[in-house]
Amino acid sequence: MGLKGKILIAGLGNPLMGDDGAGVAVARALKKKGLPPGVNVLEGEMDGLSLLERAEGFDLVIVVDAADMKLEPGEWRAFELKPGLLKDELGISAHQFGLGEALRLAEKLGWELPPIKIYGIQPERIGFTGKLQLSGAVAKAVRAVVEALRQELEALRSPNLSLIHISEPTRPY
């Protein structure tokens with residue numbers, strides 16, 4: 001049975017920091033192309049606790065972000081996020097939680113969270129650019145992830161498909 005509820009797509013990152021803006025670029029492209037009813041998109045920098053707070057009331061949360069996964073620049077992965085899957089972040093401020101830490105805290109507090117799916121894009125370069133300026137490999141990955149998300153959203157609304165579809169690892173085109 002397909003998903004009938006509300007979906008939150010969070011395009012995370014800083015668009016002024018090169019490839020770190022990949023998630024924001026995906027969010028903006030999805031908004032520009034139009035989305036089905038019940039799909040909400042937010043973009044920008046956000047700590048893990050803030051994201052989990054915003055997830056309340058949604059039936060599925062999809063996070064898109066640049067992520068150093070030790071892959072080739074522009075490669076991307078999609079996977080269901082579970083507590084303990086993300087390794088500990090180091091050197092964070094006491095005022096900000098990464099998504100991994102926020103998930104561990106939510107689990108300890110017994111919070112009920114919707115399923116969370118991550119689309120991670122391997123950056124090539126991250127550094128101040130002053131504008132949304134992605135490397136060529138990451139720009140191609142953004143287009144591929146936008147298309148993958150549009151297909152996934154269509155599939156999720158189909159009455160014959162399951163809630164979460166985990167993509168096979170994908171190389172840039």
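This report describes the fold, the sheet, the packed helices and the buried cores of one protein chain.

## Overall fold

The structure is a predicted model. It contains four helices and five strands. Followed along the sequence, these elements occur in the pattern β-α-β-α-β-β-α-β-α.

The protein has 173 residues, and 45% of them count as buried. Its accessible surface comes to about 9,300 Å², and carbon and sulfur atoms account for 53% of that area. Among contacts with a separation of 6 or more, 80% join residues that are 24 or more positions apart.

## The sheet

The five strands form an open sheet in the order β2-β1-β3-β5-β4, and the pairing is mixed. At its edges are β2 (39-44) and β4 (76-81), each of which pairs on one side only. On average, neighbouring strands of the sheet are turned by 15 degrees against each other, direction ignored.

In general, strands of a sheet pair through backbone hydrogen bonds, in either a parallel or an antiparallel sense. In this model, strand β1 (residues 7-12) and β2 are paired in the parallel sense over six bridges. One residue of this region is Leu12, whose bridge partner in β2 is Gly44.

## Helices against the sheet

Helix α1 (residues 22-33) packs on the sheet, where it touches β1, β2, β3 (60-66) and β5 (116-121). The direction of α1 makes about 145 degrees with that of β2.

Helix α4 (residues 136-156) lies across β1, β2, β3, β4 and β5. With respect to β5, helix α4 runs at about 160 degrees.

## The nonpolar cores

The largest nonpolar core has 26 residues, of which Ile9, Val26, Val64, Trp76, Tyr119 and Ile121 touch the most other members. At least two residues of this core come from each of β1, α1, β2, β3, β4, β5 and α4. The element that gives the most is α4, with ten residues.

Leaving out residues up to four places away in sequence, Val26 touches Val64, Ile121, Val142, Val145, Val146 and Leu149. Apart from the largest core lies another core, of 19 residues, which includes Ala10, Met46, Ala55 and Phe58.

## Two residues of helix α4

Val142 is found in helix α4. Is Val142 buried or exposed? Its relative accessible area is 8%, under the cut-off of 20%, and therefore Val142 counts as buried. When neighbours within four places in sequence are left aside, Val142 is in contact with Ala22, Ala25, Val26, Ile121 and Leu134. Val142 and Val26 are 116 residues apart in sequence, yet their C-alpha atoms are 5.7 Å apart in space.

Glu152 is also found in helix α4. The relative accessibility of Glu152 is 7%, so this residue counts as buried by the 20% cut-off as well. With which residue does the side chain of Glu152 make a polar contact? The partner is Tyr119, whose side chain lies at 2.3 Å from that of Glu152 in this contact. Tyr119 is also one of the residues that touch the most other members of the largest nonpolar core.

Notes: Residues are numbered from 1 along each chain as its sequence is written. This is a predicted model: local features need pLDDT of at least 70, side-chain atom pairs count only at pLDDT 80 or more; totals for chains, interfaces and linings use all residues. Side-chain values use heavy atoms; hydrogens and water are left out. Two strands pair if DSSP finds at least two bridges between them. Axes are lines fitted to C-alpha atoms, for helices over the stretch in contact, and angles run from 0 to 180 degrees between N-to-C directions. Contact means heavy atoms within 4.5 Å. Buried means under 20% relative accessible area, exposed over 50%, partly exposed in between (1.4 Å probe, protein chains only). Accessible areas come from the Shrake-Rupley method with a 1.4 Å probe; for residues, only the protein chains shown count as cover. A nonpolar core is a set of buried Ala, Val, Leu, Ile, Met, Phe, Trp, Tyr and Cys residues joined through side-chain atoms within 4.5 Å. A polar contact is a pair of N or O atoms within 3.5 Å; within protein, one must be able to donate a hydrogen and the other to accept it, and residues adjacent in sequence count only if both atoms are side-chain atoms.
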